[in-house]
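Here is a friendly tour of one protein fold, written for someone who likes to know the cut-offs. Please keep the viewer open as you read.

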Amino acid sequence: MSSTISITSADGRAFDAYLTLPPGGPAPAIVIVPSIFGVTDAVKVSLDRYASKGFIVIAPDVFWRTHPGPLTPDQRVEGQARMAAYNFDEGMDDLRRTIAALETLPEWNGKFGIFGFCFGGKHAFLGITQLGADAGAAFHGTQIHTVLDQAGRLNKPFSFHYGEDDHVVPMEQVDAIKAALAGKEGEIYVYPGVGHSFALPDNPTYHAEAARVSEDRALAVFDRMKEPALA
């Protein structure tokens, strides 16, 4: 069951979030931070599929302050513009408000993870180190290499996925991430012959097999949030 809900920001304004619920509960939540194209209809199909596998899935419109709504893949210029206008601190607070909204859902088991696509990658990392997420995942996540000084605080499972031919996140950045996170409870996968945005079904660089495999691996990490807490 899916719907659009309204969440109140720190300054008293409202922003929308796409919410899709699992068949039953209690269930953990996955908070989605989308790419610069936002929560498109094609992405919603993926989010509904995650929910069908036993997750509450909530995807706020992270660009609501300046350029709300989804974009099409050919609107890259508009996407870049709203990414440039995005205030990261305000965005992180919007995520806090989104997490707080989960408390109104009787289906929620109290655990949540952050799942970032492209632009959302840095949020997935900081979701663990700053927001207290129980897990994090990113598909072709950007800017993670800029916050590796917080690697010592990355204390929950994570699953990061990259295409070997990603022109936005080159292998030098991926290698730096691997080195900084060596020994941590997480996975970093690289898919040969795959480019950026490989997991976005409405993007020209979509790669069905890499998307399927990476989704299975990422959801396996989020599945750990279904386990009851130790007494």
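The notes below go from the sheet to its cores and then to single residues.

This is a predicted model, in which local features need pLDDT of at least 70 and side-chain atom pairs count only at pLDDT 80 or more, while totals for chains, interfaces and linings use all residues. Residues are numbered from 1 along each chain as its sequence is written, and side-chain values use heavy atoms, with hydrogens and water left out. At the centre of this briefing is an open sheet of 8 strands with mixed pairing.

**The sheet**

- The strand order is β1-β2-β4-β3-β5-β6-β7-β8; helices (H or I, at least four residues) and strands (E, at least two) are DSSP runs, numbered from the N terminus.
- β1 (2–8) and β8 (186–191) are the edge strands, each pairing on one side only; two strands pair if DSSP finds at least two bridges between them.
- On average, neighbouring strands of this sheet are turned by 20° against each other, direction ignored.
- Helix α1 (residues 41–52) packs on the sheet and touches β1, β2, β3, β4, β5 and β6; contact means heavy atoms within 4.5 Å.
- The direction of α1 makes about 55° with that of β2; axes are lines fitted to C-alpha atoms, for helices over the stretch in contact, and angles run from 0 to 180 degrees between N-to-C directions.
- α5 lies across β7 and β8 and runs at about 160° to β8.

**Strand β6 and its neighbours**

- Why is β6 (residues 135–139) described as largely enclosed by the rest of the structure? Because 5 of its 5 residues are buried, where buried means under 20% relative accessible area, exposed over 50% and partly exposed in between (1.4 Å probe, protein chains only).
- In a regular strand the side chains alternate between the two faces of the sheet.
- In β6, A135, A137 and F139 point one way and G136 and A138 the other, and all are buried.
- On one side, β5 runs parallel to β6 and is joined to it by 5 bridges, with I114 standing opposite G136.
- β7 also runs parallel to β6, through 4 bridges; here A137 stands opposite S159, and F139 has H161 as its bridge partner.
- β5, α4 and β6 make a right-handed β-α-β unit: with the strands pointing away from the viewer, the path from the first strand over the helix to the second runs clockwise.

**Nonpolar cores**

- The largest nonpolar core has 47 residues; such a core is a set of buried Ala, Val, Leu, Ile, Met, Phe, Trp, Tyr and Cys residues joined through side-chain atoms within 4.5 Å.
- Elements giving two or more residues to this core include β3 (27–33), β5 (108–117), α4 (121–129) and α5 (171–180).
- F160 is one of the residues with the most contacts inside this core. Beyond four places in sequence, F160 touches F125, G136, A137, A138, I144, I177, L181, E187, I188 and Y189.
- A second, separate core of 30 residues includes Y18, F115, V194 and A218.

**Two buried positions**

- Where is S214? S214 sits in helix α6 (residues 208–223) and is buried, with a relative accessible area of 0%.
- Leaving aside neighbours within four places in sequence, S214 is in contact with F139, H161, Y191 and F198.
- A polar atom of the S214 side chain lies 3.1 Å from the backbone oxygen of A211.
- V57, in strand β4, is buried at 0% relative accessibility.
- Outside four places in sequence, the contacts of V57 are Y18, L19, T20, I30, I32, L47, Y50 and A51.
- The C-alpha atoms of V57 and V31 are separated by 6.0 Å, although these residues are 26 apart along the chain.

**Backbone features to check**

- Most residues other than glycine have a negative phi, and most peptide bonds are trans.
- A cis peptide bond joins G25 and P26, with omega about 0°; P26 is in the loop between β2 and β3.
- C118, in the loop between β5 and α4, has a positive phi near 55° and is buried at 5% relative accessibility.
- Q143, in the loop between β6 and β7, has a positive phi near 70° and is partly exposed, with a relative accessible area of 38%.

Technical notes. Polar contact = N/O pair within 3.5 Å; in protein donor to acceptor, adjacent residues only side chain to side chain.
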